[in-house]
Amino acid sequence: MSPNRDEQVILVLLIVSLLAGGVWLVYRNASPRRPALVPLTQEPANPASHAAPEPAPELIYVHVAGAVTRPGVYQLFLGSRVFHAVEAAGGGTEAAVLDTINLAALLTDGQRVHVPTREEAAAAAAAQGGKININRADRYQLERLPGIGPALAAEIVNYRTRVGPFSSVDDLVRVSGIGEKTLERIRALVTVD
């Protein structure tokens, strides 16, 4: 018994539908799936099925003092370095000498970070017997002296280049901008060859 024409049409439609459904399944599985988005304010459906949340980072307290914009106590993450503390305090002031401290050092809880001024750095160098030689010092070394800023340091270097080396510390008064008062402030901190 052969199928009639209506049965043949239905059979063809069924076969075509099955093939189309198969093609759709293959295409659907081949396309990348996107993960479901969960709004940040929504709680997970089953908290037990998710990994435990990471512990909160440990915090330390550091006292930043000296030549910084906003001295004070700052809360930082464990593992922070000295430069993080200086940045938290607004950075160094114009008088700060940051290269005298180790900015890469790790901080500890309760630590005090002191950023010295030029005067403090020069006094510390003098206390260690490290006087600044005015015949060899560059502009940046001279700026560490109390009362000697970038302009006066450049004048000292320019004078030394034009006239020659200083024969004594007292010769500094020949440099434009340096008077007796300034000389007395730096006398114990400088030397000549």
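**Exercise 1.** Work out whether Leu-14 is buried, partly exposed or exposed.

*Solution.* Start with the cut-offs: buried means under 20% relative accessible area, exposed over 50%, and partly exposed in between, with a 1.4 Å probe and protein chains only. Leu-14 has a relative accessible area of 49%, so call it partly exposed. Next, place it: Leu-14 sits in helix 1 (residues 5–30), where a helix is a DSSP run of H or I with at least four residues, and a strand is a run of E with at least two, both numbered from the N terminus.

A word on the input: this is a predicted model, where local features need pLDDT of at least 70 and side-chain atom pairs count only at pLDDT 80 or more, while totals for chains, interfaces and linings use all residues. Residues are numbered from 1 along each chain as its sequence is written, and side-chain values use heavy atoms, leaving out hydrogens and water.

**Exercise 2.** Find the aromatic pair that a search of the whole structure gives, and classify it.

*Solution.* Rings of Phe, Tyr and Trp (its six-membered ring) pair if their centres lie within 6.5 Å; planes under 30 degrees apart are stacked, over 60 edge-to-face, the rest tilted. The search turns up one pair. For Tyr-159 and Phe-166 the ring centres are 5.3 Å apart and the planes are at 15°, so the pair is stacked. Now check burial: Tyr-159 counts as buried at 11% relative accessibility, and Phe-166 is buried too, at 4%.

**Exercise 3.** Say which residue stands opposite Val-115 in strand 3.

*Solution.* Strand 1 (residues 59–66) and strand 3 run parallel, joined by four bridges. Opposite Val-115 you'll find Gly-66.

Definitions and conventions: Pairing = 2+ DSSP bridges.
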